[in-house]
Amino acid sequence: MARPSNLPTILLPITMNRNNNNGEEEYAKVNWDELGFGLTPTDFMYVMKCSSKEGDEFLDGQLTPYGNIHLSPAAGVLNYGQGLFEGLKAYRREDGGIQVFRAEQNALRMKLGAERLCMPSPSVDQFLHALKLNVLANSRWVPPPGKGALYLRPMLMGSGAVLGLAPAPEYTFLIYASPVGNYHKGRTGMNIYVEDKLHRAIPGGTGGVKSITNYSPVFRAQKEAKAKGFTDVLFLDSVHGKYVEEVAACNIFILKDNVVSTPAIIDGTILPGVTRKSIIELATNFGYQVEERLVPVEDLLDADEAFCTGTAVTVNPIGKGALGQKLYERLAGIQTGFVEDNMGWTLKLN
């Protein structure tokens, strides 16, 4: 990736020796075979700030040692939920190099979310530059090929103090990272509980952007579903209570005959997932008819196959199914470099 010419040179704040005596890169001391989807703190995070006094432009980003951040108790993110986050992964290829998957899509989605929440946002170039620095600084935490990925969490938050109901006067863009394995251990078929009383999003709300406010409201339904022995919870639309929308943190697809269907995002209640977008393209290339439409819950029950998609889960089947496995193998192959990327989706960092 070419470095944007308008960005300053940023030096790592700590000298790092990444190689052993044989010139090979050293890995962090992690049991890669037991790696789950949990937080493992890495070496560095990236921080960049923006003040309304400076014309809503992000400047002077830098890598800092991973650690706690300082926030006023009156910060906009704490009092009014003015915050967004993204999620994407960096993968180790067999040749030892590192690549990320469709990062520009996450940058563009963050910009759209920032507009919805009245926040300035980093440019796409700034986002990608920060991401590259973060991954390379934490490269020893990128798992060996086939052992997982380095999960990246870009965040944008109203960090300035504000008492009245208004946008914050200062914003912080931050990226931290953690090595992760499978979201659902072993990629076993998901067992989904359909929630018909609580709702994830409403038309005109923030369900279509990756706002932090979208996630804690699903905890109750998710907890109750898991207590009943289910893997996760599926939410229905809030207007009619009969159309499939999203699982707690991933999109959903169904297959009937040769038609792949997924809930349409036109009402702004469903997150336009990067993995969702990729699966639509791959399924089309495989010769399936793909429809983005209203999906009644009866269609899910009558489907030949169903599966969920997302950065964390990649492609995970609900029950069993050949198409979901085929899509998973192709997508994961592209992401990890085992399959040639003819789509132009991956960005090699070194």
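I took a pocket to be an open set of points, on a 1 Å grid over the protein atoms alone, where a 1.4 Å probe fits and with protein on both sides within 12 Å along at least five of seven lines, and I took lining residues to be those with an atom within 4 Å of a point. I noted that this is a predicted model, in which local features need pLDDT of at least 70 and side-chain atom pairs count only at pLDDT 80 or more, while totals for chains, interfaces and linings use all residues. Residues are numbered from 1 along each chain as its sequence is written, and side-chain values use heavy atoms, with hydrogens and water left out.

**Entry: the largest pocket**

I looked up the lining of the largest pocket and found 29 residues, with F85, R153, K210, Y215 and A249 lying nearest its centre. The space in this pocket comes to about 600 Å³, a volume being the space filled by probe spheres set on the points. Both domain 1 (44-66 + 74-180) and domain 2 (192-341) give residues to the lining, so the pocket lies between them; the domain bounds come from an automatic or database domain assignment. I then checked the helices (DSSP runs of H or I, at least four residues) and strands (E, at least two), and α5 gives the most to the lining, with three residues.

**Entry: D299**

I next looked up D299, which sits in helix α6 (residues 297-301). D299 is partly exposed, with a relative accessible area of 27%, where partly exposed falls between buried (under 20%) and exposed (over 50%), with a 1.4 Å probe and protein chains only. Leaving aside residues up to four places away in sequence, D299 touches I254 and R293, contact meaning heavy atoms within 4.5 Å.
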